[in-house]
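Visitor: Could you walk me through this one? I'd like to learn how to read a structure like this.

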Amino acid sequence: MEIQQSNGAKLVRNVLLKATLLFILFNAIYYVVQPLKGLNRLTVYNTLVPGRVRLPFSEYPADSYNLIMPDLDQMLASHEIARPKADDEYRVIMIGDSSVWGYLLDPTQTQAACLNRLNPTTSDGRKVRVYNLGYPTLSVMKDLLILRHALPYKPDLIVWSTTLASLYPSDQLDFEVVHADYDEVAALVDQYKFKLYQWPVSPPTWVDRTLIGQRRALADWLRYQLYGLGWAATGIDHQIPKFVTPHADTLQPDDGLLTVNLMHLTTPGKISAEDLSLDIVKAGIQTAHDQGILTLLINEPTYHSTTSEIRVNSYYPKWAYNSYRDALRDTATREGWHYADLWDSVPVDQFTDTDFHLTPAASCTFAATLRDPLLALATSSR
């Protein structure tokens, strides 16, 4: 009897030991191979189901058939831009924040969708097709990463919308989509010497590169593929709340900047070009230019108070926003950028929950103002 118990204990011990060794071996192989990188280039979109018309983002995944998927390779592989480019297509990508993505808008109400309904055509007969690659964070570093990952999809023109809050060097990195590309960000910082007050941030740990560390990312990849069925059936990718809190009309009587982290100013009471992450914008425009792609930089519309003598809106005091506009204009002129300052091109009653989000009507009206400068650049790039 004792011999049988001893043999049973040894069997259990051996099974546990082998299972542990196999688990360690599997994680070691996983760590070296990093299969998630390859998996994120595979998708059911554009094959079994239609491609997404905007990048995945959702605060209510189950209701929106969508989720926050920070890997840019999967984000773009699942987007309609991954379809083959037609011979007669002039491909335009729009990058920027949530106003470009279309927060509180249906997919058919975004700036890109509105432009496509205008059916613009270049002077040489190519059909202009606009793709929405905006993403809901205020960070030009995030925009640069999206721009770089979009280049293999052969854009002809980039329309890059930005605002002062997207250019704070202290607020560039604290976003999941940026953290997910740590290695690329580190290489860019090393190459361009960007001034980023949050850098260096903590790199991924060795555990983050194992199966255990990536189990959530693997589950999200699978869930995102399954959500494709709901997206294909309904066209819903953003659950719009029934009740939306309007943006602030009554502004505080102070002249402080609304920022996440402290803003560093060279000259007190004035924003200069060196105070902003225009070095990141320059790197993006130059990267596109090196591949023969033009960029149209837009200072996007923002709510502007008609009553406050101190503030433009809840984000910006007048001293900051006016000096920012001067700095951006002067930099664009000096660098030879194609630039349009459209900050006040939308009536103040056409903003929704924030100082940047537009109503459906305003989104399409503003998109129409982009048609002529877009086509002018398309003609000049032939």
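Visitor: How do the residues lining the largest pocket divide into nonpolar, polar and charged?
Guide: Keep in mind that this is a predicted model. The lining of the largest pocket is made by 38 residues, with Leu36, Asp71, His179, Ala180 and Asp181 nearest its centre. Sorted by class, they come out as 17 nonpolar, eight polar and 13 charged.

Visitor: Which helix gives the most to that lining of the largest pocket?
Guide: Several helices chip in at least two residues each: helix 2 (35-39), helix 4 (72-77), helix 8 (176-179), helix 9 (182-192) and helix 10 (215-234). The one that gives the most, with five residues, is helix 10.

Visitor: And what volume does the second largest pocket have?
Guide: Let's look at its walls before the number. The second largest pocket has a lining of 10 nonpolar, seven polar and two charged residues. For the largest pocket, the volume is about 1100 Å³. For the second largest pocket, it's about 380 Å³.

Visitor: Are helix 7 and helix 11 roughly parallel or roughly antiparallel?
Guide: Two packed helices are described by the angle and the distance between their axes. Here the axes of helix 7 (residues 140-150) and helix 11 (residues 278-290) come within 9 Å and cross at roughly 15°. Angles under 35 degrees count as roughly parallel. So helix 7 and helix 11 are roughly parallel.

Visitor: Which residues of helix 11 make the contact with helix 7?
Guide: On the helix 7 side, you'll find Val140, Met141, Leu144, Leu147 and Arg148. Facing them from helix 11 are Ile280, Val281, Ala283, Gly284 and Thr287.

Definitions and conventions
Residues are numbered from 1 along each chain as its sequence is written. This is a predicted model: local features need pLDDT of at least 70, side-chain atom pairs count only at pLDDT 80 or more; totals for chains, interfaces and linings use all residues. Side-chain values use heavy atoms; hydrogens and water are left out. Axes are lines fitted to C-alpha atoms, for helices over the stretch in contact, and angles run from 0 to 180 degrees between N-to-C directions. Helices (H or I, at least four residues) and strands (E, at least two) are DSSP runs, numbered from the N terminus. Angles under 35 degrees count as roughly parallel, over 145 as roughly antiparallel, 65 to 115 as roughly perpendicular and the rest as oblique. Contact means heavy atoms within 4.5 Å. On a 1 Å grid over the protein atoms alone, a cavity is a set of points where a 1.4 Å probe fits but cannot get out, and a pocket is an open set with protein on both sides within 12 Å along at least five of seven lines; lining residues have an atom within 4 Å of a point. Grid points are joined across faces, edges and corners, and a volume is the space filled by probe spheres set on the points. Ala, Val, Leu, Ile, Met, Phe, Trp, Tyr, Cys and Pro count as nonpolar, Asp, Glu, Lys and Arg as charged, and the others, Gly among them, as polar.
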